[in-house]
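Opening my notebook on this one. I'll jot down what I look up as I go.

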Amino acid sequence: MTTKHTLVALVEDKPGVLTRIASLFRRRGFNIESIVVGRSEQPHLSRMTIVISGSTAMVEQLRKQLDKVINVVKVFDITEEDAVARELALIKVGATSSTRSEIIQIVDIFRANIVDVASDSVTVEVTGDEDKIDSLCSLLRGFGIREMTRTGRIAMTRGRPRVATSGETIV
Amino acid sequence: MKLTGAQILCEGLVKEGVEVIFGFPGGAILPLYDTLPQYPQLRHILVRHEQGAAHAADGYARATGKVGVCMATSGPGATNLVTGIANAYLDSSPVVAITGQVARPFIGKDAFQEVDISGITLPITKHNYLVLDVGSLAGIVKEAFYLARTGRPGPILIDVPRDVFIDQAEFNYPTNVDLPGYKPTLQGHPAQIKKAAKLVNEAQRPLIIAGRGVIISGAYAELKQLAEMAQIPVVTTLLGIGCFPESHILSFGMLGMHGMAYANMAVEAADVIIAIGMRFDDRATGKVSGFAPHASIIHIDIDPAEIGKNVPVAVPIVGDVKLVLNALNKLIISTGHVDWLQQLEDWQREHPSTVIRDCEGLLPQFVIRKIYEVTQGEAIIVTGVGQNQMWAAQHFCYDKPNSLISSGGLGTMGFELPAAMGAKVGCPDTTVWCIAGDGGFQMTIQELATVVQEKVAVKIAIINNGYLGMVRQWQELFYGRRYVATPLSGPDFVKIAEAYGIPGLRVRRKAEVVPAIRQAMEEQGPFLIDFMVEPEENVFPMVTPGEALTEVLEGPKETKAVSDSAKLPVSNI
């Protein structure tokens, strides 16, 4: 059964690591929906959040293959865990004097922000899970989305950290 | 005292116990070559093509268990290594490849002989490095050798820009490696081992499938103990040949596409399979959905990613084969499995699989058989890829540990001669026979010059049928005998050998085979025999490609059994 899985990987902050991982996805025929890379709480480790659709067996194979990459310190699948998942989007929407207030209302309902206003558009910044961003998008589509960028999912389990500063898993 | 990058690299090689480097010089790597004379303990063997260097390092590594080293310059030198690196990767062979790179200011500028070799080799190395700072070089060399030989071994590439060879740094060779993302699991999980033991102890029809992991781990004694204690028959993969003596009463040969019919029947009938250090390659399993339909599979492998990759597994055990078997054997109850073994022996009698048919002409199987008889099995056999490889696997009785070296995963024609050269350099006191096809041999024939220059006494048997034989066999059986691009003319190999300075013979008749092999063995140096065999002889048994292991063609209709030529150890003939 195909479901969306969220993998979190801690990787050494070294040149070429992203290429190694991207190359692995391509070579093994895995299609990723999103990948986000950034700093972690540890100075020499970057943290990746990878979203992938596939069967549990396929994702488990991907997790093991990722774990084999020498620069990958730890990979875990947090799909089944209680986790906070967020995505950020910037959406530039066409706006006229007559539609601007309606857009602002929608933005308020979604607890999003307007970060730029121009004579014929507004730029909305929204944070949330994919569903929230998808619904905001569908509401704003009527006004004409001129430009959009989404970050892809970042995620973290609730409560005690899955990964301590030593890189060891806490179970 | 400060050393140059080239000196640091050589110091590292010496510290890692390297004795031989197979290589080919060029502009970017020249500073390293210029430094080599300062390290006379590093023997450099000049190959004639960089592919030969990579295969030779691979052959050396497989024969000795040590890390093989090859080197080449940037650009075409580096790309010529690629096939050999991929070959080592697919067969888990510990190889360190060192390439020169253009100087740092030129990287990314499409400079002369610049190629992104670390990018190119990303998917075919266990890990690779582009050295951008001479200060990191010693640590990288240490890591590279550590990674190559530990865990699941594999090739590592170190790409060194020309100016990094010249830059200087204090030389401190690290004693430890710091690789937070690399911690191979060696000890199997005790609970899993207990589960496996229970399955084995309760099995009615257990079967061991042993692979190259047994050889890499050196678990010959542990495998034998497991098999003997519980009377479990053993079949091997192609690369597992030589992990269990083939004349042993519990040995039932190789499984897979050209495996013994009875080995494949055993897989079909088994209720518990203990897969040890193997990875369920498609050539071994046949159609995966039809593989071992009645068996619960215990899979022991050091690479967690191999578990469950191709075949569902009941009990996975990640760990070093030797350590896992040691722990497992303590929990195994001695049993008989008399009926099961009787069944296998019956199948073996009814489907002998290695019978050589009666034929006026010279059969390739007969040639292999005679090489076995004359050497008494005291030889390392290095094969090409295709029919010659399968006949060599089937008709030589491998009793000695690690006595077959063959390109299994990648199936690289042209592997045979350079790999045999590497094996002989690594094991100078062992007889090394290179079994080549006339097609593959022409792919790396230039290494005959290396063999002569470096006085490498390999014995070469060309199984010459004038075809790209395995492809022709597929065309005959599955493509309506349309022999497209498979008839192959070759040079006069004996004259070629002579031109290189190697004595040789051509053999056309059965009676000439043994005297020729004896003459080759008596010769101090290399020797070549061109065996002109039946051109359209096929390899049997053969599992129909894409079908289950039970869909087996056992031989041509006219096959007549000649009982005394079935594969038996020398002592039984």
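**Chain A first**

I started with the spacing of the two halves: the C-alpha centres of domain 1 of chain A and domain 2 of chain A lie 30 Å apart. Domain 1 of chain A covers 3-80 and domain 2 covers 85-150; such bounds come from an automatic or database domain assignment.

Ground rules before I go on. This is a predicted model, where local features need pLDDT of at least 70 and side-chain atom pairs count only at pLDDT 80 or more, while totals for chains, interfaces and linings use all residues. Residues are numbered from 1 along each chain as its sequence is written, and chains are lettered from A and ligands numbered from 1 in the order in which they are written.

**A:Thr149**

I looked up A:Thr149 and found it in strand β8 (residues 145-150) of chain A. Helices (H or I, at least four residues) and strands (E, at least two) are DSSP runs, numbered from the N terminus. Is A:Thr149 buried or exposed? A:Thr149 is exposed, because it has 9 other C-beta atoms within 10 Å. The cut-offs I use are 20 or more other C-beta atoms within 10 Å for buried, 12 or fewer for exposed, and partly exposed in between, with C-beta atoms placed from the backbone. Leaving aside neighbours within four places in sequence, A:Thr149 is in contact with A:Ala89 and A:Leu90; contact means C-beta atoms, placed from the backbone, within 7 Å. I also checked A:Asn31, which is 118 residues from A:Thr149 in sequence and 20 Å away, C-alpha to C-alpha.

**Chain B overall**

I noted 22 helices and 22 strands in chain B. Its C-alpha trace spans about 70 × 60 × 40 Å along the principal axes. The radius of gyration of chain B is 24 Å, which agrees with the value near 25 Å for a compact globule of 573 residues; it is taken over C-alpha atoms, and the globule rule is 2.2 Å times the number of residues to the power 0.38. Buried residues make up 57% of the 573 in chain B.

Confidence next: pLDDT, the predictor's confidence in each residue from 0 to 100, averages 96 in chain B, with 97% of residues at 70 or more. I flagged residues 558-566 of chain B, where pLDDT stays under 50. For the model I wrote down ipTM 0.88 and pTM 0.94.

**Cores**

The largest nonpolar core has 216 residues, and B:Cys70 and B:Ala461 have the most contacts inside it. By nonpolar core I mean a set of buried Ala, Val, Leu, Ile, Met, Phe, Trp, Tyr and Cys residues joined through C-beta atoms within 7 Å. Another core lies apart from that one, with 13 residues, among them A:Val107 and A:Ile133.

**Helix α22 of chain B**

In α22 (residues 510-522) of chain B, I found B:Val513, B:Ala516, B:Ile517 and B:Ala520 buried. They fall within an arc of 100° seen down the axis, so they line one face of the helix; the arc is that of the directions from the helix axis to the C-beta atoms. B:Ala511, B:Pro515, B:Arg518 and B:Glu522 are exposed on the other side. The buried residues of α22(B) pack against elements of chain B including α15 (364-375) and β18 (459-464).

**Where A meets B**

The contact takes 15 residues from chain A and 12 from chain B. On the side of chain A that touches chain B, α1 (17-27), α2 (56-68) and β4 (72-77) of chain A are the elements giving two or more residues. The largest share of that side, five residues, comes from α2(A).

Technical notes: Two residues are in contact if their C-beta atoms, placed from the backbone, lie within 7 Å.
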